[in-house]
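Biologist: I'd like a close look at one small part of this model, and then at whatever else you find worth showing me. Take it slowly, please.

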Amino acid sequence: MNQRRASSRRRKRKKRILLRLITIFVLMMVLIPCSIAAWLYTHPIELKSTIVPHELTKPFDPWENVKKLYFADKDSVKIDSDVDTAKIGDYPVIYTCHGKRYKTTLQVRDTTPPVLKVHAYSTDLAEELQPQEFVEETSDATEVTVQFKDGAPPSEEGTFEVPILATDSSGNQTVKNASLTRKKDDTPPTLHGAEDVVLLQGRTMDFEEGITVEDDMDPNPQFSISDDHVDFTVPGTYDVVYKTKDRSGNVGEFVRKVKIKKDKDYDRKIVYLTFDDGPSDNTEKILDILKHYNAKATFFVTGNNQKKNDVLKRICKEGSAVGLHTYTHDYAQVYASEDAYFADLQKISDMVKEATGTESHIIRFPGGSSNTISAKYSPGLMTKLTEKVQEKGYQYFDWNCDSTDAAGNNVPVETIVKNATSGNSKHINILMHDTDAKDTTVEALPDIIEYYRSKGYAFEPLTVDSAPIHHAVSN
């Protein structure tokens, strides 16, 4: 009996233990997943790393560092970063989700060596070489410097391999071998632009202007000129000697013949009476005065009053000259461009040739060569035009004495006479005008002629060989 009761108690105890174990197991099966789920909900982001190396200039996507999301999607994640992948540095990237913040550091670095392309180079024995001579191209995210890896290349004759070292700002390096060929240079530089020239007595020239020197090995050969013995005032033929020299010491010599031709007017005192902006009714009156005094003048005409063009033939017939001023006298049109100027010049040239039967090659620029208004329409234009017109066979004339009759209509006669007789040069070019409004200029002309004649001056028309009175160009 006692054994049965003991056995029954053991069975009941086992059942209670088993029940407890089952209860614990069930609780664990419920609580553990719930705990895990709760933890994952409060820790929704798993990052790959808290320190992220990143290559300079490469695009950065902060999602690339996210390994997994738990109980979250991308829309529930806020990412704060101020990353500049163009600059080396450490940048914080903050991920926030379900109130939890994760910080990672993006380390922007340059670990890529620079791209270096080189080419072969040939030179003489004298050039002091720089590594840049061999470099065709370098590229990198940072600044690149190049140098000779093994010191300065050989200076003797032959062909050599020269290692070029490129280093970026982060210390990354690339080495490429370039071929160097050194040759002995025995050829002197050649000279261009030193053709023989003929000048009128008293005219000058810059013997350096237009000269170029060329050498097969030296990109910057030098030259010198021996011209101190040239006397522009004394007719004769002079030798101007040019000597060229390259860095290898080769010397060349070139002789330029300069002929100074006698100018019949060189020793004469001459007044050039010039009248702009005609023809007009006043042109006829001026010609009558010139005829009375047996004086000659120059008329720089426009195309604005062509009903008076018959007088142009009389100008030439009586020994005066017709010059080219402008067809339109519209600054905005004439000085719009180089092509615009020469188009205007061609029109006035054609008009004068049709009216007189001869071509004129003397010019006065509207406003003179020193005008600044042309810069408003075409900067630098006058510098080009003053050279180009002479290259085309024209000569331009400014003035060294201003009558000031352009100051207004009916400028007092005594004012015009005073200003027009203020010249004291050997060759005087007086600026006047012969439009219909310049009656007082006509009235002043006899006194002007009588004054200069009393001083021993002759009155001649301008030609392309006349003393070229040129202003300083301001545009």
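Here is where I'd like to start: which residue in strand 11 is the bridge partner of T145?

Modeller: It's T167. Keep in mind that this is a predicted model. The pair belongs to the contact between strand 10 (144–148) and strand 11 (residues 158–168), which run antiparallel and are joined by five bridges. Step back and you see an open sheet of four strands, ordered 8-12-11-10, with mixed pairing. Strand 10 is an edge strand there, and so is strand 8 (121–123), each pairing on one side only. From one strand to the next, the twist averages 30°.

Now over to strand 25 (residues 427–433), where the surroundings tell another story. Seven of its seven residues are buried, so the strand is largely enclosed by the rest of the structure. In a regular strand, side chains alternate between the two faces of the sheet. In strand 25 both faces are covered, with H427, N429, L431 and H433 buried on one side and I428, I430 and M432 buried on the other.

Strand 25 has partners, too. Strand 19 (residues 270–276) runs parallel to strand 25, joined to it by seven bridges, and Y272 sits opposite N429. Strand 24 (residues 401–402) also pairs with strand 25 in the parallel sense, over two bridges, with C401 opposite I430. The chain links these last two in a right-handed β-α-β unit: strand 24, helix 8 (residues 413–420), strand 25.

I430 turns up again in the largest nonpolar core, which has 51 residues; I430 is among those with the most contacts inside it, along with L273, Y341 and I448. Helix 5 (residues 338–356) gives this core its largest share, seven residues. Apart from it lies another core, of 14 residues, including F232 and Y242.

Follow I448 and you can see how the pieces meet: leaving aside residues up to four places away in sequence, I448 touches L273, I416, V417, A420, T421, I430 and M432. I448 is also one of the buried residues of helix 9, as are L445 and P446. Helix 9 (residues 439–454) bends by about 35° at L445, with the proline P446 following within four residues. Among the elements covering its buried residues are strand 19, strand 24, helix 8 and strand 25. After helix 9 comes G456, with a positive phi near 90°.

Methods: Residues numbered from 1 in each chain as written. Predicted model: local features only at pLDDT ≥ 70, side-chain atom pairs only at ≥ 80, totals over all residues. Heavy atoms only, no water. Buried < 20%, exposed > 50% of the residue type's maximum accessible area, 1.4 Å probe, protein only. Pairing = 2+ DSSP bridges. Right-handed = clockwise from strand over helix to strand, strands pointing away. Core = buried A, V, L, I, M, F, W, Y, C linked by side-chain atoms within 4.5 Å. Contact = heavy atoms within 4.5 Å. Bend = angle between axes of the 7 residues up to and from the residue. Axes fitted to C-alpha atoms, helices over the stretch in contact; angles between N-to-C directions.
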